[in-house]
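Visitor: I am new to this structure and would be grateful for a close look at one part of it. Please choose a place where two helices meet, describe the surroundings, and then set it beside other parts.

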Amino acid sequence: MTSTGRFTLPSEENFAEKTKELAELWGADAIRNSDGTHLDEAVLALGKKIYSAYFPTRAHNEWITLHMDETPQVYLLTDRVLAESDAVDVPLMERFYEEQLKPNRDADPHRYWEVVDRTTGAVVDPSDWSLDADSDVVHVGGATPMHEYTVSFLAYIIWDPVEMYNHLTNDWGDKEHEIPFDIYHEKTREFVFDTFEQWLKDNPATDVVRFTTFFYQFTLIFDQKHREKIVDWFGCSCTVSPKALDDFEARYGYRLRPEDFVDGGCYNSAWRVPRKAQRDWIDFLSGFVRENVKKLADMSHAAGKEAMMFLGDQWIGTEPYKDGFGDLGLDAVVGSIGDGTTTRMIADIPGVRYTEGRFLPYFFPDTFYEGNDPSIEGLDNWRKARRAILRSPISRMGYGGYLSLAAKFPKFVDTVTRIADEFRDMHERTGGAAAEGELNVAILNSWGRMRSWMAFTVAHALPNKQTYSYYGILESLSGMRVNVRFISFDDVLEHGVDPDIDVIINGGPVDTAFTGGDAWRDPKLLETLRAWVRAGGAFVGVGEPSSVPRFQGGRFFQLADVLGVDEERFQTLSVDKYFPPVTPDHFITADVPVDQAAREAWERAGYRIPLSGCGGGQGIAPVGGIDFGEAVPNTYPVNEDVTLIRADGGQVQLAVNEYGKGRGVYVSGLPYSAANARLLERILFYASHNEDRYAAWSSSNPECEVAHFPERGVYCVINNTDRLQSTTVTLAGGATEDFDLPGSGIAWREV
């Protein structure tokens with residue numbers, strides 16, 4: 001039987017009758033307008049809570065076309081151009097989309113732009129270059145032949161990037177381009193608040209103002225072929241203006257360079273170890289944004305409406321885990337549910353009354369087309385999110401896009417009916433409480449709590465070759481029976497390690513914000529963590545943990561002594577490395593399917609892997625089902641006391657090391673899969689000396705997971721696949737219970 005509530009339905013114009021039908025079928029208690037549409041009076045009359053999308057800084061071309069110098073701006077970096085004589089011309093817009101971007105020729109280029117000799121890193125004196133405004137070419141004189149030159153220049157953003165993306169995706173043809181505007185300018189700021197005040201009066205039926213989002217778009221730049229060129233969901237590049245730069249200088253006592261934004265072409269990616277200028281700009285920008293967000297929230301409340309923030313689009317400046325977010329007065333945050341990690345990113349946000357997830361697929365024609373089955377993506381998305389919701393529940397769910405598309409797919413309609421009912425049933429059974437976490441796990445990186453559940457991310461829940469080996473850490477943890485927090489190197493240096501932390505994880509490639517870069521050159525950090533592990537703590541490293549950009553002290557991993565593993569950086573090739581025998585059976589790999597052929601090969605080797613060359617070796621471990629992702633080459637045990645569990649091609653993939661009363665564990669990579677999530681879970685219990693606690697509330701089948709709610713006296717078992725799965729669950733007292741779960745199934749039991 002269909003239940004009701006906790007569900008937000010998207011609707012659109014001229015679709016009232018079907019909206020009513022689907023609202024009843026899916027148990028919707030709230031309706032929102034789809035992007036670029038309005039709700040019919042018949043929909044408003046259904047008696048549902050009404051969400052209205054509101055765009056504070058777009059969809060008012062009548063204003064901004066008269067003030068085109070008040071659009072948002074971005075620092076862009078040109079291609080590198082080789083000088084073949086003492087003069088070189090650098091075109092500005094050769095690789096950018098001119099319908100989106102326009103060079104700012106209004107502000108003095110010689111004050112706000114920068115020409116750099118990229119071969120030496122030297123800034124070219126402004127007197128040695130000039131701008132040809134007619135052709136948008138910078139002429140550089142006094143150049144050094146065979147050196148490369150770039151120009152960092154300010155550009156106006158003249159087409160809202162998200163509306164542009166929707167425009168291109170939906171083939172909106174001749175629809176007018178929506179031009180964004182920047183409230184840092186006083187006239188535009190007044191227009192924004194005056195317009196919102198009138199909008200509140202004109203929309204009495206609105207119960208929730210769904211701000212989509214506020215003022216500054218994350219970095220989303222397109223190239224001349226209309227392709228995404230720069231995408232950084234955390235990027236603050238599209239936030240600058242001459243006035244803001246001048247105000248920053250007055251407040252902080254130093255002037256930001258264009259280079260502080262373009263960052264040699266990195267555009268301050270979240271992977272970059274954050275620098276002082278970057279952190280200061282984030283603080284400066286956040287202060288301004290939050291001051292004005294608070295005004296919008298207060299105005300919403302004064303009009304009797306709730307204020308909801310969409311965690312996407314123009315969310316820059318509203319980092320929800322940055323201190324002070326709860327002071328903004330927002331009632332709720334809604335965000336896109338891509339997987340378990342993004343679910344936790346939304347669900348864990350403090351300082352709001354409730355959180356809401358927008359599930360996939362989005363009702364767009366790139367998914368809802370003849371011959372496709374959107375229910376496959378819908379169930380896959382639900383399974384990924386469900387395991388995280390059990391650990392940290394979101395309050396509400398919903399979908400986005402155009403309901404008229406989804407309504408054409410009956411199987412998908414039935415799928416959403418099932419998902420919505422199951423979501424409400426989970427809340428009913430658990431009272432909205434989180435499942436019990438048995439260990440406290442901390443992720444250690446440069447950003448810490450400020451970007452909880454946001455590590456290893458390039459774009460929202462989208463993996464790539466360089467990131468999936470690490471993003472799997474978060475995805476595994478998102479639905480695991482542990483409590484997760486995020487801590488920074490500054491936290492450890494200032495306060496030590498919180499006494500309730502059982503395991504610290506540090507992972508990622510070298511010289512990134514996630515491994516820490518030069519943070520590991522601080523002796524106090526090393527002293528603190530070594531002392532903590534020796535006293536009984538657990539340190540897990542993934543990829544190139546505790547690594548430094550330059551070889552230091554004869555070590556690459558600065559905590560190689562804790563992990564028992566280091567990486568050869570071609571500095572100690574004359575020193576032999578010997579691999580101990582691979583351990584065939586270990587607590588960590590007990591649940592992983594055995595590769596019998598590998599075991600037999602290992603046994604034929606006499607439990608020792610032959611060494612080849614000067615200390616090189618290859619281990620063949622009887623472990624199947626584990627995906628270590630992209631290889632980390634040339635890792636080796638620092639001594640033969642290390643327990644080597646998996647090695648391949650002369651490099652360590654999995655090893656454990658006793659360190660005083662504590663333990664270190666090294667894993668070369670951890671993409672998400674059921675087997676890898678189980679592997680990480682066992683690593684955490686083993687590293688923290690909690691092996692004896694592992695069996696209780698465990699599932700014999702890694703494709704199924706258990707969530708225990710002791711205060712409600714219930715537990716559930718979920719099937720994270722689309723196939724029938726059987727599993728045995730071990731209860732706290734040692735008793736067991738068998739389950740046969742259909743694809744995507746869930747079963748509840750009283751304890």
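Guide: Let us begin with helix 11 (residues 374–389) and helix 14 (residues 468–478), which pack at an angle of about 65° with their axes 8 Å apart. Helices here are DSSP runs of H or I with at least four residues, strands are runs of E with at least two, and both are numbered from the N terminus. The axes are lines fitted to C-alpha atoms, for helices over the stretch in contact, and angles run from 0 to 180 degrees between N-to-C directions. The model is a predicted one, in which local features need pLDDT of at least 70 and side-chain atom pairs count only at pLDDT 80 or more, while totals for chains, interfaces and linings use all residues. Residues are numbered from 1 along each chain as its sequence is written, and side-chain values use heavy atoms, with hydrogens and water left out.

At this contact (heavy atoms within 4.5 Å), helix 11 contributes Lys 384, Arg 387 and Ala 388, and helix 14 contributes Glu 475, Ser 476 and Ser 478. Three of these contact residues are charged, two are polar and one is nonpolar. In this scheme Asp, Glu, Lys and Arg are charged, Ala, Val, Leu, Ile, Met, Phe, Trp, Tyr, Cys and Pro are nonpolar, and the others, Gly among them, are polar.

Both helices also take part in the largest pocket, whose volume is about 1,300 Å³. A pocket is an open set of points on a 1 Å grid over the protein atoms alone, with protein on both sides within 12 Å along at least five of seven lines; a cavity is a set where a 1.4 Å probe fits but cannot get out, and lining residues have an atom within 4 Å of a point. Of the 44 residues that line the pocket, Ser 336, Arg 358, Leu 360, His 460 and Leu 462 are the closest to its centre. Helix 5 (161–170), strand 15 (228–232), helix 11 and helix 14 are the elements giving two or more residues to that lining. Its classes are 22 nonpolar, nine polar and 13 charged residues.

Leu 360 deserves a second look: a cis peptide bond joins Leu 360 to Pro 361, with omega of about 5°. Most peptide bonds are trans. Pro 361 lies in the loop between strand 18 (354–358) and helix 11, which leads back to our starting point.

Consider next the contact of helix 1 (residues 16–26) with helix 13 (residues 410–430), whose axes come within 8 Å and cross at roughly 45°. Leu 22, Leu 25 and Trp 26 in helix 1 meet Val 413, Val 416, Thr 417, Ala 420 and Arg 424 in helix 13. By class, six residues of this contact are nonpolar, one is polar and one is charged.

Finally, a search of the whole structure finds eight cavities of 30 Å³ or more. The largest cavity has a volume of about 150 Å³, and its 18 lining residues include Arg 678, Glu 681, Cys 704, Glu 705 and Val 706, the closest to its centre. Helix 19 (674–687) gives the largest share of this lining, four residues. The lining of the largest cavity comprises eight nonpolar, four polar and six charged residues. For these volumes, grid points are joined across faces, edges and corners, and a volume is the space filled by probe spheres set on the points.
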